[in-house]
Structure formats: C-alpha cells, structure tokens
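Hi everyone, thanks for making time for this. I'd like to walk you through one protein model, so please pull up the picture and follow along.

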Amino acid sequence: RVEELRCAVTLLMRVARCLKARRVSGGALELESVEVQVQLTETKSVEDLNPKDHLEIHDTIAECMIFANHWVAKKIVEVFPNQALLRHHPLPKSEQFENLKNCAKSKGFDVKTSSNKALAETLDRCVDSKDPVINKILRMLATQAMSVASYFSTGSLPRDQYFHYGLALDYYTHFTSPIRRYADVLVHRQLMAAVLAEGSEGLPGNQELDELSEHINHQHRAAQNAQRDSQELFQYLYFKQKDLNNECCRADAIIFQIRANGLMVFVPRYGIRAPVYLRNKDGQVLYVQESGQSEWTGGSITKSEGSVSVNSLVGSMTLTLLDHITVKIIPNSSRAHASSLKLELISTEGYALDQDIPTTEKMSKNQKQAIIQEVRAVAEEKRTQSSSEDQGHQFHSLKAEFGQTPESESLYSLFESFKEMAKKPIS
C-alpha cells in the first residue's frame with residue numbers, strides 16, 4: 001500500500017509540475033513570503049523560532065488548489081455572468097517597484113516590471129551563486145510591491161479587470177477552503193446552482209454580493225494583521241526569556257531598504273523584518289569599529305539610491321543594499337505601545353551562519369517531534385494502565401463534578417438533535 005501511495009503522489013507531483021509550468025510560461029510569479037514556525041515547550045513557553053521548510057509537496061497541493069479554483073471561477077462566471085464571486089489581483093503601480101529595482105541594481109541585476117511575465121523572467125535570472133538568499137529577498141520585495149488581491153462581484157467591475165496578475169489567470173476565485181473562509185461557502189453555493197442548472201433564485205444578487213465582498217475583504221485584512229501581530233508577539237516572547245549575551249541574540253541580517261535615519265533589514269534565521277537606526281533622537285550617529293565596539297557621536301548621514309554613508313567624529317562607514325551585517329536582537333517592552341524587538345548594528349560584516357544557531361537548538365524538527373511523540377506515548381500508556389482507584393477515594397465525586405459531560409447530555413448532542421429536527425417537514 002505504501003508503494004501504491006508513493007506512485008500516486010509521484011504522479012500527482014508530475015501533473016502539478018506541468019500545470020505550474022503552463023502558468024509560469026503565461027507570466028505567473030513565484031513570490032516569497034516569510035512564515036515562522038513557533039515551537040513551544042510542555043509549559044507553553046517559546047522554545048524556538050524556525051522559518052517553515054518549503055517542500056515540493058506544498059507546491060503540488062497549492063497548484064491543485066489553484067487549478068480547481070480557476071475552473072470553478074470559469075464555470076460560475078459562465079452561468080452567472082453578473083453575480084459571480086471572484087477574486088482579482090490588480091496591476092501593481094510602477095512606483096511600488098522602486099525599492100526592488102534599487103536592490104537588484106546594487107548586485108548588478110536589472111528587473112523588468114513592464115508585465116508579470118517580464119518580472120517573472122528577470123527574477124529567475126537574479127541569482128547570486130555565492131549568496132542564495134539574494135533571490136529570496138528580491139522575491140520578498142516583489143511580494144511587498146504587489147497590489148492587494150480582493151473579492152468582487154462580476155457585475156461591479158468591467159470584464160477586463162477580472163484577471164489575477166500574480167497567478168496569470170483570467171478568472172480566479174476561492175473554492176477549496178470552505179471550512180475556514182466564508183467566500184468559499186458562497187462560491188460552493190453558486191457552483192452547486194450552476195451545475196444543477198437551478199438558476200439564481202436564492203443566491204445573492206450583484207448589489208448584495210458586492211456588499212458581502214467588501215465585508216469579506218475587510219475581515220481578510222483584519223485576519224492578516226492578526227497573523228502578523230501574533231508572529232511578532234511570539235518573536236518578542238522568545239527573545240524576552242533569553243540572556244542578551246546569548247549567541248541566539250546575534251544574527252545575520254540583510255539590508256533591503258535605505259532610510260534617512262537608518263536601514264530596514266531582514267533576519268532570515270528568525271523571519272524578522274525591522275529597522276536598524278543609524279541616527280538617534282538626539283541627532284547623534286552610530287559608528288561601529290572593526291573591533292565590534294559601537295559608539296554614538298556627532299556626525300552626519302548621507303543617503304543615496306543604493307547606499308548610506310555615516311560620517312562621524314570617530315570615523316566613517318558605508319552600507320549598501322543587500323549587504324550582510326550582524327545585528328543584536330533586544331526585546332523592547334513598553335507600557336504605552338505593543339512590545340517589540342529592537343535591532344542594533346554591532347558589525348558591518350555578516351554573521352557566520354553556522355554560528356547563528358546554538359548547538360542545543362540544532363536538533364532537527366523531525367527529531368524533536370519524534371521525541372515528543374515517544375514521551376506522549378509513554379505517558380498515555382501509564383495513564384491507561386493506572387486504575388481509577390489509584391486516584392484516591394474522592395475520584396468518583398471529583399469526576400461527577402469536573403469530568404467530561406456524558407455524550408447524551410452534551411451541547412454537541414443537543415445541537416445535533418436540533419439539526420435533525422430542522423430536516424423534518426413542518427406538519
């Protein structure tokens with residue numbers, strides 16, 4: 001059975017590669033996003049932060065979902081041309097690509113943004129054999145430059161705006177996740193009506209669907225903000241419990257934006273994007289000596305298109321886009337604002353990647369998961385072997401007061417009975 005499953009999955013992956021190649025040839029973009037996996041201990045404290053591993057099977061699943069969403073969109077538009085719920089991705093504005101172009105230019109690359117196909121092809125060529133992170137950073141910047149995708153009713157937009165820029169598809173919707181998105185529930189109802197040729201009776205019209213789309217878009221943005229805030233909170237909690245002299249508080253960072261008073265950097269090890277200030281509120285500038293000693297003194301900052309120069313009383317230094325630097329990560333608690341992380345420049349050279357992860361934290365996630373499962377299995381075995389009498393003479397009274405409700409008396413059973421009653425015809 002395992003061999004049968006392996007053959008089936010291999011075939012599915014081969015099909016997904018063909019589907020993806022077809023979209024990429026039409027101009028689809030392969031963008032990069034930052035997702036961090038939080039590992040918790042048994043006491044629910046943050047043990048580690050790890051960027052999520054990207055496997056080909058993830059692409060396979062995503063491609064199959066995109067394929068299904070595309071053809072469902074075509075079907076509901078065909079049957080309900082003026083009241084189908086679709087998702088479109090507008091053209092990004094040219095000025096949004098300025099930072100991406102500047103970063104690519106600093107490494108000698110030329111990014112074309114005239115179309116999604118030109119952007120995809122030039123991003124594929126932006127590869128530095130000595131620094132594989134460069135291409136990921138550029139794709140991350142391309143993601144930031146994108147316009148926001150949104151839901152809409154087909155009767156509210158002209159047909160030439162139905163397209164999805166990032167996926168290079170003429171029609172697209174969300175159909176594959178009805179258990180977690182209300183938009184998919186609406187699309188399921190439209191598809192059911194379209195397949196059964198039941199007409200549009202009972203489905204929301206264009207005006208109602210347009211109002212629903214606005215509400216769903218608002219909720220979607222709120223969910224994204226909550227996800228971002230949650231990730232930043234766990235990042236803060238992880239470093240809050242660390243000694244500032246711990247090796248994990250020093251990390252390699254890559255400059256991806258130049259500002260008037262400092263830099264914006266990305267820390268690949270922890271998925272952190274944050275500013276590094278070169279000028280403080282008192283007007284002093286930061287200079288880092290070769291020994292690693294940093295000092296705030298009088299001076300000035302000169303900002304150009306792809307670099308920033310610090311001229312201090314002690315000396316001068318120049319930092320360029322996509323340079324690797326070493327930063328110190330410091331938890332910054334506040335009573336007036338949300339707690340956050342503060343990054344301090346401690347070296348203009350990149351931090352050694354093999355030192356970035358402490359020895360005690362180099363254990364693979366699979367090994368950790370295996371250990372956790374083994375511990376849980378042993379605990380479960382001990383629990384099942386112990387008899388109820390071992391809990392003491394008060395066990396039955398405690399169970400009656402605090403134990404799980406019998407199935408026949410639970411709220412779930414009550415709601416199930418309501419559902420069955422609703423199916424019966426009204427006499």
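Before we start, one bit of vocabulary: we call a residue buried when its relative accessible area is under 20%, exposed when it is over 50%, and partly exposed in between. And keep in mind that what you're looking at is a predicted model.

Okay, let's try that vocabulary out on K74. At 26% relative accessibility, K74 falls between the two cut-offs, so we call it partly exposed. And what does the side chain of K74 meet in a salt bridge? Its partner is D170, with 4.0 Å from N to O. As a reminder, side chains of opposite charge can pair when their charged atoms come close. Now find the two ends of this pair: K74 sits in helix α2, while D170 is in the loop between β4 (150-153) and α6 (182-195). That's a link between distant parts of the chain, 96 residues apart. D170 has a relative accessibility of 40%, so it is partly exposed too.

That same loop has something else to look at. A168 is also in the loop between β4 and α6, and it has a positive phi of about 60° although it isn't a glycine. At 24% relative accessibility, A168 counts as partly exposed.

If you want another positive phi, go to A197, where the value is near 55°, again in a residue other than glycine. A197 lies in the loop between α6 and α7 (206-240). Is A197 buried or exposed? It's exposed, with a relative accessible area of 66%.

Back to salt bridges. How many are there? The count comes to 15. Let me show you a couple that involve helix α1. K20 forms one with D59, and their closest N and O atoms are 3.7 Å apart. K20 lies in helix α1 (residues 2-25) and D59 in helix α2 (residues 56-79), so this pair ties together parts that are 39 residues apart in sequence. D59 has 25% relative accessibility, so D59 counts as partly exposed.

Then there's R23, which forms a salt bridge with E63; here the closest N and O atoms are 2.6 Å apart. Again we go from helix α1, where R23 is, to helix α2, where E63 is, and the two are 40 residues apart. What about accessibility? R23 is at 12%, so it counts as buried. E63 is buried as well, with a relative accessible area of 5%.

One more thing on this topic: K20, E30 and D59 are joined into one network by salt bridges that share partners.

Last stop, the strands. Which strands form the open sheet, and in what order? There are three of them, in the order β10-β11-β12, and the pairing is antiparallel. At the edges you'll find β10 (299-303) and β12 (316-320), each pairing on one side only. From one strand to the next, the twist averages 15°. If you zoom in on β11, residues 307-312, you'll see it joined to β12 by five bridges, with the two strands running antiparallel. To get your bearings there, start at S307: its bridge partner in β12 is T320.

That's my tour. Thanks for listening!

Methods:
Residues numbered from 1 in each chain as written. Predicted model: local features only at pLDDT ≥ 70, side-chain atom pairs only at ≥ 80, totals over all residues. Heavy atoms only, no water. Pairing = 2+ DSSP bridges. Helix = DSSP H or I, 4+ residues; strand = E, 2+ residues; numbered from the N terminus. Axes fitted to C-alpha atoms, helices over the stretch in contact; angles between N-to-C directions. Buried < 20%, exposed > 50% of the residue type's maximum accessible area, 1.4 Å probe, protein only.
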